[in-house]
Amino acid sequence: MPINYYIFLSVALFCIGVAGVLTRRNAIIVFMCIELMLNAVNLLLVAFSKMHHLALAATDPNAGINGQLFVFFIMVVAAAEVSVGLAIIAMLYRNTHSVDINFLNRLKH
Amino acid sequence: MNAIIISAVLGVIMMFSGIFLKKNSSIAALAILGIIILLAVTIMEMSGYHFFAVDTHGMLFFDAFGLLFNCVAFAGTLALFLLNAKDIAAIGNNPGEYFALIFFVLCGIAIASSFNTLLMLFIGIEIISIPLYILTGSDKRNLKSNEASLKYLLLGAFSTGLMLLGIAFLYGASEKGSFFIDELAIGKAAASPLLMAGLLLITTSLAFKVSAAPFHFWAPDVYDGAPTPVTSFMATVVKGGAFIAFIRLFGDAFVELKSQWQIFIAILAAATLLIGNITAVFQQSVKRMLAYSSVAHIGFMLFALLTLNTLAREGTILYIAAYSAATIGLFAILAKMKDHGFEGFNGMARQYPKLALAATIFLLSLAGIPLTGGFLAKYYMIASVMQTGHFLWLVILSLFCAAISIYYYFRVIQAMYFKEGQGQHLEVSAGFSGWLIVLAIIVILLGIFPQWLIDRLYIIYL
């Protein structure tokens with residue numbers, strides 16, 4: 001399958017994530033949309049990794065493997081980010097009993 | 001490599017210090033000791049002492065520029081700790097952890113200033129960001145701090161997503177299938193659409209991290225809501241770290257494509273200068289004014305990214321040093337105040353003459369008055385643009401903006417010296433005013449003998 005299909009699919013997923021971040025008002029759903037963005041990137045990296053492998057395998061049998069390694073790093077960092085993020089959302093909920101991000105306008109005086 | 005490992009170890013030590021040390025002051029003393037050690041090992045690395053032989057497979061690359069920036073960043077953190085360590089410890093119930101998180105951020109800065117692959121860029125930026133989300137929200141009972149932390153988290157994670165998509169595009173566009181930054185754009189006189197899209201996304205995301213307009217809107221809210229010592233750290237050391245990553249990425253990877261992205265950076269710099277300076281005029285709180293002024297200063301720093309010549313590299317180090325020293329000093333005074341409005345400074349000169357004098361020097365430096373570090377820093381930036389022979393409009397605009405900035409900086413000086421008022425009571429020790437005066441002297445020395453700092457860029461025994 002040509003690489004273009006993978007690019008289109010990933011970019012579409014990414015855009016769904018961006019649209020969700022920009023339109024949804026619930027902090028947890030916004031957070032899920034950010035995860036969707038990161039996973040779209042993971043998909044794209046794996047696709048590119050395979051593409052590079054097919055193109056360069058003759059000279060280097062390990063070609064393209066670094067793209068897949070990158071995906072693991074993204075997963076770990078995303079997990080760290082989620083654990084911090086959910087803690088912050090829980091802290092906000094404890095103080096205000098809401099996870100609505102319209103609330104964020106209070107800082108602008 | 002020294003700084004990366006030692007800062008991570010110090011972070012772990014600080015994390016457990018709360019178990020053994022019960023008093024806030026002893027934890028603060030331990031943190032000051034730690035940052036002095038960190039600064040010492042970085043200086044030793046510049047002089048050729050490597051304590052750890054780690055094979056990074058070329059993923060990290062240590063040069064004088066990155067190491068000197070690390071020294072400046074650690075010295076800035078040392079100044080912050082000397083002035084505000086007690087305020088940091090008093091943010092909440094877990095004093096050890098706040099220092100631990102700051103050390104982890106410094107570890108991220110050391111990685112972000114020495115990356116050689118996009119993987120390390122990503123890891124470095126994330127190690128900087130994630131502890132900062134926690135630090136911003138560390139004042140747990142304060143709603144403003146909560147909101148600032150959530151806002152920072154959502155926008156930070158969003159910009160990370162943009163950066164990752166950019167990295168994926170660059171990876172797809174590189175013919176060798178590698179993340180090494182010197183192999184990304186080899187032999188590409190004209191950029192492919194994939195490379196250009198990746199470049200645009202990474203630029204956007206890094207502009208978010210350094211809060212360049214039009215991606216600056218989170219900065220004033222977050223800086224306002226975060227506890228003041230944390231704001232001081234974020235606005236100076238962290239911003240410098242993200243900016244160094246920006247310069248290294250463009251200087252090493254995309255310098256051949258300069259003609260294609262230069263105009264974009266020029267517009268970014270112009271917008272940042274205009275929006276930062278004009279909005280700062282209308283602020284009623286000094287803390288918020290300083291937040292916008294930090295946006296405005298990023299506009300000047302972006303000149304270095306635009307030109308990427310020798311003057312720009314020297315100027316970046318000088319700019320970050322002068323700006324950090326002045327801003328850390330001002331935030332240190334703000335951290336002692338309850339009222340962050342301009343009125344809070346009324347009559348300060350009579351009550352606390354030493355503080356007022358130091359604050360005046362910091363404000364003059366930020367405004368770019370000669371004999372201070374801020375003046376020479378701005379001079380280097382403008383000279384580097386003049387050297388290219390293009391973008392004269394940007395130089396004129398920047399001078400115009402520097403003139404605007406004098407208005408809002410001098411408002412504070414005016415309040416301190418010429419307005420009568422019942423100044424608020426500040427709990428300042430003799431040590432605090434002493435260190436503040438030392439910091440003010442450093443700001444002036446940077447303005448008279450900048451070569452003391454800049455020459456370090458060329459003396460290196462790696």
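The following conversation concerns chain A and the contact it makes with chain B in a predicted model.

Colleague: What makes chain A a chain of helices and zero strands?

Modeller: A run counts as a helix from at least four residues and as a strand from at least two, and by that rule the secondary structure of chain A comes to three helices and zero strands, which read along the sequence as α-α-α.

Colleague: How do you know whether the radius of gyration of chain A is that of a compact globule?

Modeller: The rule is 2.2 Å times the number of residues to the power 0.38, and for 109 residues a compact globule would come near 13 Å, but chain A has 18 Å, so chain A does not match the value for such a globule. The C-alpha trace of chain A spans about 60 × 25 × 20 Å along its principal axes.

Colleague: What share of chain A is called buried, and by what cut-off?

Modeller: A residue is buried if 20 or more other C-beta atoms lie within 10 Å of its own, and 30% of the 109 residues of chain A count as buried on that basis.

Colleague: Why are residues of chain A and chain B said to be in contact, and how many does each chain give?

Modeller: Two residues are in contact if their C-beta atoms lie within 7 Å, and the contact takes 37 residues from chain A and 32 residues from chain B. On the side of chain B that touches chain A, H6(B) gives the most, with 18 residues, and the residues of that side divide into 17 nonpolar, eight polar and seven charged.

Technical notes:
Residues numbered from 1 in each chain as written. Chains lettered and ligands numbered in written order. Predicted model: local features only at pLDDT ≥ 70, side-chain atom pairs only at ≥ 80, totals over all residues. Buried ≥ 20, exposed ≤ 12 C-beta atoms within 10 Å, placed from the backbone. Nonpolar A, V, L, I, M, F, W, Y, C, P; charged D, E, K, R; others polar.
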